[in-house]
Amino acid sequence: MASYIGREVEDFAVQAYHKGEFETVTKENILGHWSVFFFYPADFTFVCPTELGDLQDFYEDFKETGCEIYSVSEDTHFVHKAWADASETIRKIEYPMLADPAGHLAAFFDVLIAEEGQALRGTFIVNPEGKIRAYEIHDMGIGRNAQELLRKVQAAQYVEEHGDQVCPAKWKPGEETLTPSLDLVGLL
């Protein structure tokens, strides 16, 4: 599998369920701000609502960093609405829930399991120019951590803004970064 770092998100147009309404989300909507594409296998499942609820718990923090969350599954926007109607956890979600029933987004991000009509748990951090800056892909049974994802978004933003500095392990905003140099080689 080739690395997706630096790959530009291709043009797309999908339906979404967002704040009780249906809307179309396109590539144009993701430009000009940071984005997270958060793929999950399916609505009305087990691990998925725990992840989406966790994202909602940190949604304001993501928004404060100038980052929008886009959850994505192979379900239709109608199914997203039905899930929100049936689940208190999903009803609280404020970020757009993208519908990808044809699997175009999941195929582009290489998380589609075509024979199952589902996506792996893929997380992609995209910069304001539409380029992937970080990603991770999990098996269907492994849930993710929104707080760690937020830290990764903040680190990606810092590195993009301060190209001569890098963020060490467990770095958080306000902590010291490193400036790569010959003087640091082998000393940390």
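Okay, let's start with a cysteine. The sulfur of Cys 167 sits 15 Å from the closest cysteine sulfur, which belongs to Cys 67, and that is too far for a bond. Keep in mind that this is a predicted model. A disulfide here would need the two sulfurs within 2.5 Å, and by that rule the count is zero disulfides. As for their surroundings, Cys 167 is partly exposed, with a relative accessible area of 22%, whereas Cys 67 counts as buried, at 1% relative accessibility.

Now, the sheet. How are the strands ordered? Seven of them form an open sheet, and the order is 2-1-5-4-3-8-9, with mixed pairing. Strand 2 and strand 9, residues 132-138, are the edges, so to speak: each pairs on one side only. From one strand to the next, the twist averages 25 degrees. If you look over at strand 8, residues 121-126, you'll see that strand 8 pairs with strand 9 in the antiparallel sense, over six bridges. One spot to click on there is Ile 125, whose bridge partner in strand 9 is Ala 134.

Next up, helix 4. Helix 4 lies across strands 1, 2, 4 and 5, and runs at about 15 degrees to strand 1. Which residues of helix 4 are buried? They are His 77, His 80, Trp 83 and Ala 84. Looking down the helix axis, those buried residues fall within an arc of 115 degrees, so they line one face of helix 4. On the face turned away from that buried side, you find the exposed residues Phe 78 and Ala 86. And the buried ones have plenty to pack against: strand 1, strand 2, helix 2, strand 4, helix 5 and strand 5.

Last topic, the cores. In soluble globular proteins, nonpolar side chains tend to be buried together. Here, the largest nonpolar core has 25 residues, and Val 36, Leu 52, Leu 55, Phe 62 and Met 97 have the most contacts inside it. Strand 3, helix 2, helix 3, strand 4, helix 4 and helix 7 each supply at least two residues of this core. The largest share, five residues, comes from helix 7, residues 146-161. Zoom in on Phe 62 and, leaving aside neighbours within four places in sequence, its contacts include Val 36, Leu 55, Ile 69, Leu 149 and Val 153. Our cysteine from earlier, Cys 67, is in contact with Phe 62 too. There's also a second, separate core of 21 residues, and among them are Tyr 4, Val 9, Val 25 and Leu 105.

Technical notes. Residues numbered from 1 in each chain as written. Predicted model: local features only at pLDDT ≥ 70, side-chain atom pairs only at ≥ 80, totals over all residues. Heavy atoms only, no water. Buried < 20%, exposed > 50% of the residue type's maximum accessible area, 1.4 Å probe, protein only. Helix = DSSP H or I, 4+ residues; strand = E, 2+ residues; numbered from the N terminus. Arc of directions from axis to C-beta. Contact = heavy atoms within 4.5 Å. Pairing = 2+ DSSP bridges. Axes fitted to C-alpha atoms, helices over the stretch in contact; angles between N-to-C directions. Core = buried A, V, L, I, M, F, W, Y, C linked by side-chain atoms within 4.5 Å.
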